Amino acid sequence: MTTTEIKTNDRTTAEATTVRPNPTTAAPRLNFAKAAPKAFRAVIGLDAAAREGLDPALVELVQIRASHLNRCAYCLHMHTTDARRAGESEERLHMVALWQEADHFFTAREQSALALTDAVTRIGDAGVPDEVYDRAAAHFTEEELAHLLALIFTINTWNRIALSTAKRAGTDER
């Protein structure tokens, strides 16, 4: 358990308490696919539809980035494994977490997709700024942009399913 304390006006208050299951010892809480098969199939359907027309390498980069931001080891392991199988370089995989500082590893199109992934994944921080949306819109057709957004929505959903049910990295149960 970690608690962040903030001292304001000579008062100390607990800002947030984050309790995550120990990924090496926690048992999955439930099998979401079995417990809610219609919901699970709906997310699979959205995932498949979102990928249509998008470059598979870009799909993996977006899923890796959102999984970094959401701290989802299960999905991060799954998508880095998939990216390697598809021929993605180790060098680029290592740079996804710091893509803004290592922008020369990524095309302008990929950078715009990663920026949009950051904004949508962290939407509660500042919404999706116009400049981020406009940057992505300059690199993607309207249809591609809609699919990219759907992909970002989907990976965020998968991250939340995996984290909520305490899925363990390396146990790829697709």
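This passage describes two helix pairs, the nonpolar cores and one buried arginine in a predicted model.

Two packed helices are described by the angle between their axes and the distance between those axes, and the pair H3 and H4 makes a convenient starting point. Helix H3 spans residues 56–70 and helix H4 residues 73–85; the two pack at an angle of about 155°, with their axes 9 Å apart. Because angles over 145 degrees count as roughly antiparallel, H3 is roughly antiparallel to H4. The crossing of H3 past H4 is left-handed. On the H3 side, the contact is made by Glu60, Gln63, Ile64, Ser67 and His68, while H4 contributes Cys75, Leu76, His79, Thr80, Asp82 and Ala83. Sorted by class, this contact holds five polar, four nonpolar and two charged residues.

The second pair, H6 and H9, is arranged at another angle. Here the helices pack at about 50°, and their axes lie 10 Å apart, which makes H6 oblique to H9. Their crossing is right-handed. From H6, the residues Arg109, Ala113, Leu116, Thr117, Val120 and Thr121 meet Glu144, Leu145, Leu148, Leu149, Ile152, Phe153, Asn156 and Arg160 of H9. By class, eight residues of the contact between H6 and H9 are nonpolar, three are polar and three are charged.

In soluble globular proteins, nonpolar side chains tend to be buried together. In this model, the largest nonpolar core comprises 27 residues, and Val62, Leu116 and Leu148 have the most contacts inside it. At least two residues of this core come from each of H3, H6 (108–121), H8 (130–139) and H9 (142–164). Leu116 also appears in the contact between H6 and H9, and it is worth a closer look. Residues up to four places away in sequence aside, Leu116 touches Val128, Val132, Ala136, Leu145, Leu148, Leu149 and Ile152. A second core, separate from the largest one, has ten residues, including Val43, Ala66, Tyr74 and Ile155.

Finally, a charged residue deserves a mention: Arg92, located in helix H5 (residues 90–95). Its relative accessible area is 15%; since buried means under 20%, Arg92 is classed as buried. Beyond its neighbours within four places in sequence, Arg92 is in contact with Leu61, Phe105, Phe106 and Glu110.

Notes:
Residues are numbered from 1 along each chain as its sequence is written. This is a predicted model: local features need pLDDT of at least 70, side-chain atom pairs count only at pLDDT 80 or more; totals for chains, interfaces and linings use all residues. Side-chain values use heavy atoms; hydrogens and water are left out. Axes are lines fitted to C-alpha atoms, for helices over the stretch in contact, and angles run from 0 to 180 degrees between N-to-C directions. Helices (H or I, at least four residues) and strands (E, at least two) are DSSP runs, numbered from the N terminus. Angles under 35 degrees count as roughly parallel, over 145 as roughly antiparallel, 65 to 115 as roughly perpendicular and the rest as oblique. A crossing is left-handed if the near helix is turned anticlockwise from the far one by less than a right angle, and right-handed if clockwise. Contact means heavy atoms within 4.5 Å. Ala, Val, Leu, Ile, Met, Phe, Trp, Tyr, Cys and Pro count as nonpolar, Asp, Glu, Lys and Arg as charged, and the others, Gly among them, as polar. A nonpolar core is a set of buried Ala, Val, Leu, Ile, Met, Phe, Trp, Tyr and Cys residues joined through side-chain atoms within 4.5 Å. Buried means under 20% relative accessible area, exposed over 50%, partly exposed in between (1.4 Å probe, protein chains only).
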